[in-house]
Structures are given as C-alpha cells and as structure tokens.
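This briefing is intended for a reader who has the sequence and coordinates at hand. It proceeds by topic, from cysteines to the pocket, the strands and selected contacts.

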Amino acid sequence: MQKAKRRRQASTPLQGTEGKNVSTQSGPERLQKVLAAAGIASRRECEKLILEGRVEIDQQVVTKLGTKVDLEEQSVRVDGVPIVRSQQVYYMINKPKGVVCTHRDPAGRIRIVDLVPDETARMFSVGRLDRESEGLILLTNDGGLAQELAHPRYGVEKTYHVQVAGLPGRTVLQRLRDGVQLAEGKVAVAGVRTKRAHKQSTVLEIILREGKNREIRRMLASLGHKVQRLKRVGLGPLKLGKLPQGEARPLEQGELSALKHLVSGGSQKVNKNRSKGANKGKAIQSGSRDTRSARGSKKSKSRTFKKKTRTQKKR
C-alpha cells in the first residue's frame, strides 16, 4: 500500500472561495443554492446560516429563505468573509486504511482531503468510511450534489467487498436481507452474495442503499462473523476500478452526468410517490365522506319507512 502524504493545509470552517472566480451558471439564483455551490456547506446548513443572520448581500443582512442573488453583480458575505463561486470539482479517491474522513483532526492523522490536489474551496466527502475501511470516496465542493447523493431518500447504492471470518451460509445471507436488529432499529442490506470462499474466511459482496455508522461491521458481528477487511468498490454508477490506493482522479464527464441523472431521477420518484400518497389520502377522505353519506341516506330511509308504518297502523 502506498503511503499517503499530506497535500493540503488544514481547512477553515466557512472559508470563502476567493481566488477562483469561475461561475458555472449566470443569472440570479436562490441564496442557499449559491452558498452550497460555493462550497460553504450543504444547502440545509446554508439555510441555517441565513436564518441565523450570518449572511449579507451588498452589506445588508438577509434572513429570508429563497432570496435570489447574482454573484456577478452582487457581493455576498458569510460571517463577514466575501465569497466568489469557484469552479466545481469532483474527485474519486481510493482511500487507504488509516485515513480519516473528517475535515479537522486534532490528532494530526492523514485526512481524505489531504489526498487531492490543493484546492481553496471547502470539500465534502460523499459516503464516509471509518478509519479501518478502504475504497471509493467521492470528494467535491458541490455541496448540493453531495447532500443529494448522501441522502437516504435517493437510495444511491453503495457496493462493498467484505472479507469476514468463517463461512456464512444461506441462512446468514438471508438474515442480512431480512434485517438485523441493531441499537437504532432493524437494518437490512439491499443485496448480498458470496464472491469468494477461502478455508477460514469468505468475501461477500454487499449493497447498501442507506448507511449507518459501521453498519456492515455491526450486522455481521451480531451474526457471528467478524469483518476482517471492508472495501467500497462502487457508488451509484461510479466504479473504483484499478485506481491505486491513496490516489485521486477527477471524474470523467460521463461519470458526472450519470451521477446527476441518478439523483435527478430519484428526486422525480420521490415527488411522484408524494403525489401518489397525497392522492391516496384524498381518495380515502372522499371514500370516508361517501360512506358517511351512504350511512346517512340509509338512516333517513329507515326513519321514513318507520314513519309510514306508524301512519298505516293508525288508519
């Protein structure tokens, strides 16, 4: 394994992107989107910054979400620091063991951001790996895309090759598919198969659509199979391939387009499901009203019938 070297200086929280005045889209845009694109934080975190009164447009504090701004004609500051949208960059990295995914590490360990060429923009890692795990990490200053790829609702598949102690059989694999009870609830894999079997260990291919902290390690440990090695080899359409350990490369245009198409399709699916749910709710309410109306009609007819019967008896 190649020894990773520190290639970046420690990043400062909420640091602007001065020095790279390359706009990727002209015209007014929502303020939180502009801040995320500048690498300040995710869109959700940028919304919090706005609501907290930490953002200025032309030296005026703005606290209204949805405010539009044009960086080519207006100045924007966060905590007094001016920002300029930088060129968006996207790196695939083959993370070695021992490298941490945190941005600030008091212990001085090698961070994932140290493995990419020096950039002034704040970078976000997509799909964190613990220190002992290795494999594919996406690093970008596109905060919006990073948030979408990491959000469980988009169901972006992450593929792992996991070497475990022992020889897990069909029952264990089915348990993983059905779900294993952890402290935060029942969790299940999206897919699992045996890739290779050795005398005392087995390599499994596991697919997750949402990830919790050390989820694979804890699931397999609860089933009696300790993880010996864990490597991520796929993130959505991205494949690690033969990228050497500790190395990074920019994404190709086709890879980036595939990623954006993936989250775009996921967003449309989420909105479609929400629409179906709303229509279903309306249908249930309508059906409930129809049922109440029918019941009322039956009661009315019953009262009319009883009244007629009493009248006939009197005659």
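A search of the whole structure, which is a predicted model, finds zero disulfides. Two cysteines may be described individually: cysteine 46 is buried, with a relative accessible area of 0%, and cysteine 101 also counts as buried, at 7% relative accessibility. The points below treat the pocket, the strands and individual contacts.

**Largest pocket**

- The largest pocket has a volume of about 890 Å³. Its lining comprises 38 residues, of which Ser125, Val126, Gly127, Arg128 and Ala150 are the closest to the pocket centre.
- By residue class, the lining of the largest pocket divides into 17 nonpolar, ten polar and eleven charged residues.
- At least two lining residues come from each of strand E8 (124-126), helix H3 (143-150), strand E10 (158-165), helix H5 (215-222) and strand E15 (227-235).
- Which element gives the most to the lining of the largest pocket? The answer is H3, with five residues.

**Helix H3 and its start**

- Within H3, the residues Gly143, Gly144, Leu145, Ala146 and Leu149 are buried.
- At the start of H3, a side-chain oxygen of aspartate 142 comes to within 3.2 Å of the backbone nitrogen of leucine 145.
- Glycine 144 is also involved in a long-range approach in sequence terms: its C-alpha atom and that of arginine 43 are separated by 6.0 Å, although the two residues are 101 residues apart along the chain.
- Arginine 43 belongs to helix H2 (residues 43-51). Because its relative accessibility is 26%, and buried requires under 20% whereas exposed requires over 50%, arginine 43 counts as partly exposed.

**Strand E7 and its partners**

- Why is strand E7 (residues 90-95) described as largely enclosed by the rest of the structure? Six of its six residues are buried, so the description follows directly.
- In a regular strand, side chains alternate between the two faces of the sheet. In E7, Tyr90, Met92 and Asn94 point one way, while Tyr91, Ile93 and Lys95 point the other way, and all are buried.
- E7 runs antiparallel to strand E9 (residues 134-140), and six bridges join the two strands. Methionine 92 has leucine 138 as its bridge partner in E9.
- E7 also pairs with strand E17 (residues 248-250) in the antiparallel sense, over three bridges. Here the bridge partner of methionine 92 is arginine 249.

**Four-stranded open sheet**

- An open sheet of four strands follows the order E3-E2-E5-E6, and its pairing is antiparallel.
- Strand E3 (60-61) and strand E6 (81-83) are the edge strands, each pairing on one side only.
- Strand E2 (residues 55-57) and strand E5 (residues 76-78) are paired in the antiparallel sense over three bridges. Valine 55 has valine 78 as its bridge partner in E5.

**Glutamate 205**

- Glutamate 205 lies in strand E14 (residues 201-208).
- Is glutamate 205 buried or exposed? At 18% relative accessibility, glutamate 205 counts as buried, because buried means under 20% relative accessible area.
- The side chains of glutamate 205 and histidine 161 are joined by a polar contact of 3.2 Å.

Note on methods: Residues numbered from 1 in each chain as written. Predicted model: local features only at pLDDT ≥ 70, side-chain atom pairs only at ≥ 80, totals over all residues. Heavy atoms only, no water. 1 Å grid on protein atoms, 1.4 Å probe; cavity = no way out; pocket = protein on both sides within 12 Å on 5 of 7 lines; lining within 4 Å. Points joined across faces, edges and corners; volume = space filled by probe spheres on them. Nonpolar A, V, L, I, M, F, W, Y, C, P; charged D, E, K, R; others polar. Buried < 20%, exposed > 50% of the residue type's maximum accessible area, 1.4 Å probe, protein only. Polar contact = N/O pair within 3.5 Å; in protein donor to acceptor, adjacent residues only side chain to side chain. Disulfide = S-S within 2.5 Å. Pairing = 2+ DSSP bridges.
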